[in-house]
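Q: Could you zoom in on one part of this structure for me and go through it slowly? After that, I'd like to see what surrounds it and what the rest looks like.

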Amino acid sequence: MSAEPQGDVDSWKLTLPCTRAEAEAIDAGLIEIDAVLMTTETVEDDREHWRLDAYTESQPDAAMIAAIRALVPSAAATAPVIEPLTAQDWVTMSQAGLEPIREGRFVVHTSAHPAEPPPGGRAFLIDAGQAFGTGHHATTSGCLAMLDGMADRDFANVIDIGTGTGLLAFAAAYLWPQAAVLASDIDPQAIAVTQANAAANGVAGIALVVADGTLDDAITARAPYDLLIANILAGPLVSMAPEIAAIADRHATIVLAGLLDTQSAAVVAAFTACGCTLDATDRRGDWTILRLRAGAERFVPSAPIDPKGRDGWALDI
């Protein structure tokens, strides 16, 4: 269903119903759709009544509609509502409902909802866009809380794998200002977004790398790391366990997220096989954040790791 444009059209919005599980599973950093995706709870505390809005600069064609519909299988029989938007900034509209998120000493806000940090804390401006990690997803906010809870520890060499918007790397740089911090992502768009966000927030000194996993020379040359953060998805975490463990220092701390509670056992098992032990778990709704500790000896994979041979990227766990 599509509304008729009235006047000059700046952008378009496509809306479909969805469930909470579908909404939380959408990772904008891994979706190749030229749109800003926003999910909203339409009935309070109801897992079945959520909404997906996709904001685009051009009228959605059949291919885009199919790609967006594929994200919300529960709406397979529902016709999308497609609306033209006039004289409005589509990115600003998409952020209108994003209230500031507060986790420990951190506040994450958009341009539409500025916020002040608590005493001794830090506010980060992270606008919604093409990269995942605004702080509004349970996995990202959970990672912020996990990092905040380790503020009294000392870390010297930090890597944020799958950085998205750069938020977790920024938080690490704030908590441990003397540490070397590297942020990587498979998506060049995410690294561009991170660079822009670093400038907007006055964050300097973070190394940025476009890389598939951790095997890039720029990453391995700085190893071993004593704090490793990977907020991606369960399948990649299982597949990448040996290569993540291989760049971890002895007794390093590893923070993992992007996994459902039902997937945590498989992720923990993959890292346990690489000499890691589980230290802490933070469950947020259906999602789980894990903190593990690397072994007393650095992990050495039994065979060379071929990124083309990873079998977990499409793993259904």
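A: Let's start with a pair of residues that face each other: Asp-282 stands opposite Ile-289, which sits in strand 14. Keep in mind that what you're looking at is a predicted model. The two strands involved are strand 13 and strand 14, and they run antiparallel, joined by seven bridges. Together they make a hairpin with two residues between them. Take a look at Gly-285 in that turn: its phi is positive, about 65°.

Now step back to the sheet that holds this hairpin. It's an open sheet of seven strands, and if you walk across it you meet them in the order 10-9-8-11-12-14-13, with mixed pairing. Strand 13 (277-284) is at one of the edges and strand 10 (207-210) is at an edge too; each has a single partner strand, so one side of each has no neighbour in the sheet. On average, neighbouring strands here are turned by 15° against each other, if you ignore direction.

What does "mixed" look like in practice? You've already seen an antiparallel pair in strands 13 and 14. For a parallel one, go to strand 8 (residues 157-161) and strand 11 (residues 225-231), which pair over four bridges. In that pair, Val-158 stands opposite Leu-227 of strand 11. Either way, the strands of a sheet pair through backbone hydrogen bonds.

Helices pack on this sheet too. Helix 6 (residues 188-200) touches strand 9 (180-185) and strand 10, and its direction makes about 165° with that of strand 10. Back at the hairpin, helix 9 (residues 264-272) lies across strand 12 (248-260), strand 13 and strand 14 (287-293). Helix 9 runs at about 160° to strand 12.

While you're around here, check the cysteines. There are zero disulfides in the structure. Cys-274 is in none, and the nearest cysteine sulfur to it belongs to Cys-276, 6.3 Å away. That's too far for a bond, because a disulfide needs the two sulfur atoms within 2.5 Å. Both residues are tucked away: Cys-274 counts as buried at 7% relative accessibility, and Cys-276 is buried with a relative accessible area of 3%.

Next, follow the chain back to the stretch leading into strand 8. The structure holds four aromatic pairs. One of them is Phe-155 with Trp-176, an edge-to-face pair with 4.9 Å from centre to centre and 90° between the planes. Phe-155 comes from the loop between helix 4 (138-148) and strand 8, while Trp-176 comes from the loop between helix 5 (167-175) and strand 9, so the pair links parts of the chain that are 21 residues apart. Are these two rings buried or exposed? Phe-155 counts as buried at 10% relative accessibility, and Trp-176 counts as buried at 5%. Elsewhere, ring pairs tie Phe-106, Phe-124, Phe-170 and Tyr-174 into a cluster.

Helix 4 itself deserves a glance. Ten of its eleven residues are buried, so the rest of the structure largely encloses this helix. Among those buried residues are Gly-142, Cys-143, Leu-144 and Asp-148.

There's another sheet to find, too. Four strands make it up, in the order 2-3-1-4, and it's open with antiparallel pairing. Its edge strands are strand 2 (36-41) and strand 4 (81-85), each pairing on one side only. Neighbouring strands in this sheet are turned by 25° against each other on average, direction ignored. Inside the sheet, strand 1 (residues 11-18) and strand 3 (residues 50-56) run antiparallel, joined by seven bridges, and Leu-16 stands opposite Leu-52 of strand 3. Helix 2 (residues 62-69) lies across strand 1, strand 3 and strand 4, at about 35° to strand 1.

Finally, here's the whole chain. It has nine helices and 14 strands. Of its 317 residues, 50% count as buried. If you take the contacts with a separation of 6 or more, 70% of them are between residues 24 or more positions apart. The accessible surface comes to about 14,100 Å², with 52% of that belonging to carbon and sulfur atoms.

Methods
Residues numbered from 1 in each chain as written. Predicted model: local features only at pLDDT ≥ 70, side-chain atom pairs only at ≥ 80, totals over all residues. Heavy atoms only, no water. Pairing = 2+ DSSP bridges. Axes fitted to C-alpha atoms, helices over the stretch in contact; angles between N-to-C directions. Contact = heavy atoms within 4.5 Å. Phe/Tyr/Trp six-rings, centres within 6.5 Å; stacked < 30°, edge-to-face > 60°. Buried < 20%, exposed > 50% of the residue type's maximum accessible area, 1.4 Å probe, protein only. Areas by Shrake-Rupley, 256 points an atom, 1.4 Å probe, with all protein chains shown as cover.
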